[in-house]
Amino acid sequence: MTDMSQYETVLIAALTSAAVALAIEWAAKPRLEARKDRILELSKAKRAMELHLSIIVGLSGSLMTDVSHLDSDEQEVVLNLLEDYRTKVIESCQTVEHSLAVAYRKIDPAVRDIILMAIGSIRGITLAAEVGVSDTGVGLANASGRALDIYRTHRWQTRKRRKLAAAANSYFDSIGSECP
């Protein structure tokens, strides 16, 4: 046998490492890319859910407007503005529902239930406001605020989450008992 030169050994090692790297990239890269896309979509959905719950909380303060002391022209302007706010609340509810569907498996079931109850309550309160019921902003703030609080609580804070969930459940049960 002939002795291999040092250059031949380096060449064989380089070719072997290149072949192994290409084989690993060919085999693993599609799965890693798909996993990365799923993780990015999940985090985007979670951020959108938190953002739109915050939007609902912010808009609820604007919906607590008393227009009885305004003249008719000012009332019309304010009522049109309030209608726009209610439309934004409904759009935000739809976004939260879509985000919840995307991130469904990664959200704690108790948190999911509270968010779903909050969305149902928010829709009901928004419909009540369209019919002319006053003081709907307080209900919106309570429902969306409770959902946002429990969503923002870290998953390791189990005792705090349980307390928030119990308070939210009793709040939503009391809302349900008030309905005819």
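A salt bridge is a side-chain nitrogen of Lys or Arg within 4 Å of a carboxyl oxygen of Asp or Glu. The structure above is a predicted model, in which local features need pLDDT of at least 70 and side-chain atom pairs count only at pLDDT 80 or more, while totals for chains, interfaces and linings use all residues. Residues are numbered from 1 along each chain as its sequence is written, and side-chain values use heavy atoms, with hydrogens and water left out.

**Exercise 1. Describe the secondary structure of the chain and list its elements in order from the N terminus.**

Step 1. Helices (H or I, at least four residues) and strands (E, at least two) are DSSP runs, numbered from the N terminus.

Step 2. Counted in this way, the chain has five helices and zero strands, and the order of its elements from the N terminus is α-α-α-α-α.

**Exercise 2. Check whether the spans of H1 and H2 agree with the expected values.**

Step 1. The expected span of a helix is 1.5 Å times one less than its number of residues.

Step 2. H1 has 57 residues and should therefore span 84 Å, and the 79 Å between its end C-alpha atoms agrees with this.

Step 3. H2 has 31 residues and should therefore span 45 Å, and its end C-alpha atoms are indeed 45 Å apart.

Step 4. H1 also has a kink of about 45° at Ala-28, shortly before the proline Pro-30, where the bend at a residue is the angle between axes fitted to the seven residues ending there and the seven starting there.

**Exercise 3. Find the salt bridges, and state for each partner whether the residue is buried, partly exposed or exposed.**

Step 1. Side chains of opposite charge can pair when their charged atoms come close. With the cut-off given at the start, the count comes to three salt bridges.

Step 2. For the second part, buried means under 20% relative accessible area, exposed means over 50%, and partly exposed lies in between (1.4 Å probe, protein chains only).

Step 3. Lys-29 forms a salt bridge with Glu-25, with 3.8 Å between the closest N and O atoms. Both residues lie in helix H1 (residues 6-62), four residues apart, which is about one turn of the helix. Lys-29 is partly exposed because its relative accessibility is 40%, and Glu-25, at 44%, is partly exposed as well.

Step 4. Lys-36 and Glu-33 are joined by a salt bridge of 3.6 Å, N to O, and they sit three residues apart in helix H1, about one helical turn. Lys-36 has a relative accessibility of 42% and so counts as partly exposed, and Glu-33, with 35%, is also partly exposed.

Step 5. Arg-86 and Glu-83 meet in a salt bridge of 3.7 Å, N to O, and both belong to helix H2 (residues 72-102), three residues apart, or about one turn. Arg-86 is buried because its relative accessible area is 11%, whereas Glu-83, with 33%, is partly exposed.

**Exercise 4. Identify the largest nonpolar core and the helices that supply it.**

Step 1. A nonpolar core is a set of buried Ala, Val, Leu, Ile, Met, Phe, Trp, Tyr and Cys residues joined through side-chain atoms within 4.5 Å.

Step 2. The largest such core has 32 residues, and those with the most contacts inside it include Met-49, Val-89 and Ile-115. At least two residues of this core come from each of H1, H2, helix H3 (109-131), helix H4 (136-152) and helix H5 (158-178), and H3 gives the largest share, seven residues.

Step 3. Contact means heavy atoms within 4.5 Å. Apart from its neighbours within four places in sequence, Ile-115 is in contact with Met-49, Val-96, Leu-100, Ala-147 and Tyr-151.

**Exercise 5. Decide whether Ser-92 is buried or exposed, and find the residues that it touches.**

Step 1. Ser-92 is found in helix H2, and its relative accessibility is 4%, so this residue counts as buried.

Step 2. Not counting residues up to four places away in sequence, Ser-92 touches His-52, Ile-55 and Ile-56. Of these partners, His-52 and Ile-56 are among the buried residues of H1.

Step 3. For the chain as a whole, 28% of the 180 residues count as buried, and among contacts with a separation of 6 or more, 68% come from residues 24 or more positions apart.
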